[in-house]
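I opened a fresh page to look up how the parts of this structure meet. Here are my notes, in the order I made them.

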Amino acid sequence: MEILYRIRSRLVSNLDMPLLGITALLMLAGLATVFSATYDANNRALSQLVNMAVGLAVMWGVAQFPPQKLMRFAVPLYVVGVILLVLVFLVGIKVNGARRWLSLGFMRIQPSEILKIAMPLMLAWYFQKYEAALKLRHYCVAGLLLIVPFGLIAKQPDLGTAILVGAAGFYVIFFAGLPWKVIIGMITAGAGAAPFVWTVLHDYQRKRILTLIDPSTDPLGSGYHIIQSTIAIGSGGIFGKGWLEGTQTHLEFIPERHTDFIFAVFSEERGLIGCTILAILYLLLIARGLMITANASTLFARVLGGSITLSFFTYAFVNMGMVSGILPVVGVPLPFMSYGGTALVTLFLGLGILMSIQSHRMLVKK
Amino acid sequence: MRHRFAYPLSSQDSELDRFRFRIAFAAGAVLLSFLLLIGRFIYLQIVQHDYYVTRAEDNRISLVPIPPNRGVIVDRNGVILARNYSAFTLEITPSKVDDLEATIDGLSTIIEIQAKDRRRFKKLMEESKSFESLPIRTRLNDQDVARFAANRYRFPGVEVKARLFRQYPLGSLASHALGYINRINKTDLADIERNDQEANYRGTDHIGKTGLEKSYEFQLHGETGYEEVEIDAGGRAVRSLSRTPPVSGNNLTLTLDVKLQEIAEKAFGDRRGALVALEPSTGGLLALVSTPTFDPNLFVDGIRTEDWEQLNASGDRPMINRALNGAYPPGSTFKPFMALAALESGKRTPSQAIADPGFFNFGGHTFRDDKKGGHGLVDMYKSIVQSCDTYYYMLANDMGIDLIARFMGQIGLGQRTGIDIEGESEGVLPSPEWKKRRFKRPEQQKWFAGETISIGIGQGYNAYTPIQLAQATAALANNGVMYRPHLVKYITDTKSGEKTMIEPKPIRTLTWKQQNIDTIKKAMVGVNREGTGARAFAGAEYTSGGKTGTAQVFSLKGSDYKAGKLKQELRDHALFIAFAPAEDPKIAVAVLVENGGFGAQSAAPIARMVFDYYLLGKQPKGPAKEDENAEEEE
């Protein structure tokens, strides 16, 4: 008994139960929805369960490391990530007009995924390094570290991932104390530069923004996704059509219904009540993450934890926003709901880091 | 201290406070963002819920029209003239296909597609709406269907459909009466809209173009059924929700006797012409012939370009229904009606005779009789039996154009008969009023008394369709009781089985004196017994009345007409009107043979064959022969 107890305590001691509990509920909802979205043809629920198991293992593993040890990975991971991005730019595989993949002969990898973690890790490491004397130039250097991979990913083009990576990096800089004046200045400059950005955007990106403003201009083209997903959400009503009962889903009107548009499936079948519960679960997840971050002991842990937590927010908000038609369509999955191994592992990696920060806060303080 | 930048921190704690403020700020921003999202959900799922439910239902449910079976057409004895059969077609929806050429090339590797199929498809595309699916191949066999099914994924926008095709099992027989169906074009669409039938024609892509197929289109079509199906985003039907079955079109039973029709058509051989045979007591058409004919089956799945060109390029113009659209001078077949008019108006008595010198002088112009030296003393009987022109030159002069026009108008000449096929010609009933309407310049509008003279022998401006002549002959045979000529005897409602008879009532009863009618009939019987029709009706086992006629195609001013020396297309048109049995006429005909020479020579033998079959059941051997020794007339 004693041994069993110790094993158990060893297993769970570094895990944060509130975080795990919320995530478990999200995963359950996700599994049920993936099942509903795919059971007609090629059921992905089981394979998503495997993805989740792998993700949980990664999370558990990462949670065992104290944050200081994670710092060691920051520079190598970032450097390798950027090199791979450059390689993608040079010799990447083109799929559907976008160069996002790198072939390793036996498998393909998507290096931009690495940057989702490498970016906040690198910037957190950088700020930790200069913690004692942060000056404007440090923020400038951080900005530069951010902009290079961001640019490479946006160039692929993969606006969704670029936004996620850019946001993760920005959150680090924000929590590291980027002066409000600079933030306000950037927002003003950004608004001023919007017309210029418009000219730089790819045609398909512009189209997505235009169809967001009025999806009916292109009902069978790029407006189709938004029109069909808003029909799914709206027709769900307060209580939803019931699990496996969504007509938009099962008659295949919703494109990419088990991945990026899984929220349309969920809200069609679960209605406003389901949507609200889901939103609350994400809010709780973020709240718990911010609590952990607020109590973290080092600058590194704080900015990293804050960035990871807000990344969860970005994922959830951008995804639900695009599916419900208030944000342009960018390829962002819904955290713990959308089908897909890579994204899930990245998310669990973030969770693991948060748990590591939480469980090692005392150690560091001493 | 260490921080000299914008926010110099005095202590570690104040740095933590600033950090926690930013955490709180972020939390606030997150909360706001989520409230915005929930606001959006409330808007979509409560405020706009009904709208999106409708949209989702519209997405999901599709009404698929089920076209009805087109009504069947049978002759008076139940012989099928038009029916339907089911066959598979390979169809392309051009709007769903990116590269049409490549698609057709690809299809031709699994299913035989000939150059003519491609040409027809191109023609169909030009004529149709782009969202329609159009056949590239019709009548696929089971192997073709299976091969395509295995390769279907390669050809989006291409599908195999089971369709009902119209079939005319007797081919070209009675094609001018039946007409044909073909794909709906813009004119037809306007027609459908005018009749408020758009909903009923959803799913229908063929429509009657000519003949009975056109005039009874809305009877034959039937009621389109609907199936409510649940469809997926690809438009594939997932399951059926409800079904309203179609109601087949009504069947037509014709007055036509197809055996008689066949005999009449064959009697023409390869000559151009028309024949209308009808039942005097009802107006029902027993045969409606216009030669040459065409095969209506050619049109059903879109006529091939070369077939269409061949039909149009032919100098014989097989697409023209000569019985209804051809207007010809009636020639001497006009004479019995002139004689009847004379009796009715009191301008002549039967026994009143004239001395015929072989010509008639009027206003310095000589009108010739074709018999040199004349017919001698001619009374009414002889004037018809021997077809004496001089008698009628004089009669016309005595009657005047107004009286002639009034009488001929009464028996339907120069007016559409109202037969149940569209596109009938009016013909020309000459009168001073007609001339005023017809010509623009005042000097042309005036009626000259000299023009009345040649009207008397059925020449001049006179021009009537064979159906008008047949109707007039039937009116005479039926003692003045006129019926509208019609082809459909009754319509059978497929739902109730109820039969609707067509036109059992006379349209007009002319109050002629029976004595006068008998005089004319007797003279017409004389024609076939001892006059111009006698050779054609030699040995007939029934009595018949007839009148030969010749319509001038080429004006030979005063010189002799030698048929053999003229080119065929310059020969006169031969005409013959007749009825039999004379005592109680069961059949009346008008026969026209274009460039057939004399009526007695080529038209009367055809009428004989028709009568022999209809009254005695005699089968002829081969087409009617031209009678080279027929007595000349006019």
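**Entry 1: where the two chains meet**

I began with contacts (heavy atoms within 4.5 Å) and found 56 residues of chain A touching 41 residues of chain B. A note to self before going on: this is a predicted model, where local features need pLDDT of at least 70, side-chain atom pairs count only at pLDDT 80 or more, and totals for chains, interfaces and linings use all residues. Residues are numbered from 1 along each chain as its sequence is written, chains are lettered from A and ligands numbered from 1 in the order in which they are written, and side-chain values use heavy atoms, with hydrogens and water left out.

Next I looked up buried area, the accessible area (1.4 Å probe) that two parts lose on being put together, summed over both. Chains A and B bury about 4,200 Å² between them, and carbon and sulfur atoms give 72% of this.

I then checked for salt bridges (a side-chain nitrogen of Lys or Arg within 4 Å of a carboxyl oxygen of Asp or Glu). The rule finds 1 across this interface: Glu15(B) pairs with Arg302(A) at 3.9 Å, N to O. For polar contacts (a pair of N or O atoms within 3.5 Å; within protein, one must be able to donate a hydrogen and the other to accept it, and residues adjacent in sequence count only if both atoms are side-chain atoms), I noted 12 residue pairs between the chains, both residues at pLDDT 80 or more.

Which helix gives the largest share of chain A's side? Helices here are DSSP runs (H or I, at least four residues), strands likewise (E, at least two), numbered from the N terminus. H12(A) comes out on top, with 13 residues. I sorted that side of chain A by class and got 34 nonpolar, 17 polar and 5 charged residues. The classes are: Ala, Val, Leu, Ile, Met, Phe, Trp, Tyr, Cys and Pro as nonpolar, Asp, Glu, Lys and Arg as charged, and the others, Gly among them, as polar.

**Entry 2: membrane annotations**

I turned to the UniProt record, an unreviewed entry, which lists residues 21–43 of chain B as a transmembrane region. Such annotations may be inferred rather than shown by experiment. In the model this span is 100% helix, with its end C-alpha atoms 33 Å apart. For chain A, the listed regions include 183–201 and 303–330. Residues 183–201 of chain A are 95% helix, while 303–330 of chain A are 75% helix.

**Entry 3: inside chain A**

The domain assignment (automatic or from a database) splits chain A into domain 1 (17–64 + 201–366) and domain 2 (73–200). Their centres, taken over C-alpha atoms, are 21 Å apart. I found about 2,500 Å² buried between them. Leu201(A), Leu299(A) and Val303(A) supply 23% of what domain 1 buries there, more than any other three residues. I counted 0 salt bridges between these domains, but 5 residue pairs in polar contact.

**Entry 4: inside chain B**

Last, I looked at domains 3 and 4 of chain B, whose centres over C-alpha atoms are 49 Å apart. Together they bury about 980 Å², 53% of it on carbon and sulfur atoms. On the domain 3 side, Arg120(B), Lys123(B) and Tyr168(B) lose the most area, together 49% of what that side buries. The rule finds 0 salt bridges across this interface and 1 residue pair in polar contact.
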